[in-house]
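This report goes through a single structure for a reader who has not seen it before. It takes up salt bridges and then the ligand.

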Amino acid sequence: MKLNTDLLKLSDTDFAAIINKKVSDYQYANPDTVIVRLDNEDAYLPFPNCVHSAMQAALEESLNDPQLRCTPPLRGYPFLIDTIIAHYAEKNIQLFDTEIFINDGAKCDVSGLTELFDGDNTVMITEPFDSVYYHSSLSSGKAVRFVRASEKNGLIPLPPKNERADIIYLCSPCNPTGALYPTEVLKEWVDHALENNSLIIYDASYEDFACMEPNHKSIYSIEGAKKCTVQVCSLSKAAGFANLRLGYTIIPNNIVIDSTRLNQLWLHRERLKFNGVSYVTQRGAQAAFSKEGKEEIEMHVKHYLSNTRLLTEVLVKAGLCDQSFVASPNVWFKCPQNMSSWECFDYILKNTGVVTIPGSIFGSAGEGHMKLTGYTTRENASVAARRLWQLLGSSSETGAVN
Ligand code: PLP
């Protein structure tokens with residue numbers, strides 16, 4: 001028997017476990033320090049009240065209806081698909097029910113979609129990157145090339161000239177950099193994909209944060225995007241579904257490859273590998289899209305963004321970050337004094353009790369950088385901002401962004 005060598009090639013380092021070990025060692029040595037964790041990756045506030053009520057009602061309903069205790073429809077219940085169609089209609093985007101697939105979180109689809117394509121295909125990933133894009137591409141045998149996001153391009157890379165790939169991963173607002181791709185830049189990527197016969201897998205998991213920007217538009221408002229873009233969405237990042245597990249993927253009917261409609265092939269793949277999302281969770285998600293749900297999620301988003309803004313301001317003042325506006329819970333900054341990411345992680349933890357995330361875990365382009373998030377209480381964000389300023393304010397000269 002031979003194991004999958006593509007899978008064996010991947011790093012299986014558990015970075016969260018390394019961080020947790022460092023944090024517990026630090027707490028042991030410094031029992032009086034109140035640690036502030038800015039390494040949370042998901043919304044921590046509870047989901048909206050209407051979501052709670054809808055799920056409770058759905059649970060009661062399923063006690064009395066045997067149908068609701070059976071395997072759910074593969075693509076999702078029509079009530080949730082219709083709700084999502086109505087949500088996009090409000091943005092003047094027309095979707096059809098055959099284009100929407102309810103999933104148990106964006107991660108499974110972001111990685112699973114690569115299975116639709118032969119191992120000979122090439123993949124382009126903007127780096128620093130979420131490891132899921134990279135690992136799922138490698139483990140399905142595909143060659144990966146990178147396009148670098150750096151301070152030089154304001155963390156927003158343009159499509160490369162004279163270079164193409166079959167599949168392009170884009171994420172906006174981006175994890176880990178927090179960068180929001182302006183519509184004009186997305187248009188360049190869409191045009192590039194159309195000219196080069198590429199497919200964009202667009203990870204919109206953080207889109208609820210971008211919606212705070214008055215000029216923000218869905219990628220599908222760009223001409224031609226529905227011919228080349230699959231969009232993956234998550235309710236983990238703003239709506240509080242990280243534990244409930246729900247997201248959705250949009251595969252437009254217009255995407256046809258070698259006479260096969262891509263959403264038909266995805267449906268086929270889903271039949272083999274997926275069994276749907278529970279009725280209770282889908283009723284909760286439906287409530288999250290209601291007026292009341294959206295209002296509550298917006299309040300949460302504003303809370304996270306105000307934390308993120310506070311922390312960003314400190315890092316900008318310290319010369320380690322040049323983010324001019326905040327449209328994501330993620331903050332990306334340069335390590336002071338040319339430290340490596342892990343050196344900086346230790347330096348910040350040891351001197352402030354604040355837990356951050358080493359940028360190097362998002363690929364080699366992340367080395368020398370750090371990430372933190374605004375997924376915390378206002379009080380913790382204020383404490384962390386003060387402590388970070390005390391430590392990093394003096395680095396302004398040596399660590400300035402270049
Ligand atoms: N996409 C990005 C960019 C993420 O950062 C994450 C999770 O951290 C995911 C997708 C996965 O989200 P979900 O919880 O919906 O699987």
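How many salt bridges does a search of the whole structure find? The search finds 16 salt bridges. The model examined here is a predicted one.

Three of these pairs are listed below, each with its N to O distance.

| Residue | Partner | Distance |
|---|---|---|
| Asp-6 | Lys-9 | 3.0 Å |
| Glu-270 | Arg-269 | 3.0 Å |
| Lys-291 | Glu-295 | 3.1 Å |

In the salt bridge of Asp-6 with Lys-9, Asp-6 is partly exposed at a relative accessible area of 22%, and Lys-9 is exposed at 64%. Glu-270 and Arg-269 also form a salt bridge. Glu-270 counts as buried because its relative accessible area is 2%, which is under the 20% cut-off. Arg-269, at 13% relative accessibility, is buried too.

The ligand occupies the largest pocket. Around the ligand stand 14 residues, and the closest are Ala-106, Asn-175, Asp-203, Ser-234 and Ser-236. By type, this shell consists of four nonpolar, five polar and five charged residues.

Which side chains place a polar atom 2.7 Å from an oxygen atom of the ligand? Asn-175 does so, and Arg-245 has a polar side-chain atom at 2.7 Å from a ligand oxygen as well. For Ser-234, an N or O atom of the side chain is 2.6 Å from an oxygen atom of the ligand. On its own the ligand has 400 Å² of accessible area, and the protein covers 89% of that area.

How values were computed:
Residues numbered from 1 in each chain as written. Predicted model: local features only at pLDDT ≥ 70, side-chain atom pairs only at ≥ 80, totals over all residues. Heavy atoms only, no water. Near = heavy atom within 4 Å. Polar contact = N/O pair within 3.5 Å; in protein donor to acceptor, adjacent residues only side chain to side chain. Areas by Shrake-Rupley, 256 points an atom, 1.4 Å probe, with all protein chains shown as cover. 1 Å grid on protein atoms, 1.4 Å probe; cavity = no way out; pocket = protein on both sides within 12 Å on 5 of 7 lines; lining within 4 Å. Sits in = over half its atoms within 2 Å of the grid points. Nonpolar A, V, L, I, M, F, W, Y, C, P; charged D, E, K, R; others polar. Salt bridge = Lys/Arg side-chain N within 4 Å of Asp/Glu carboxyl O. Buried < 20%, exposed > 50% of the residue type's maximum accessible area, 1.4 Å probe, protein only.
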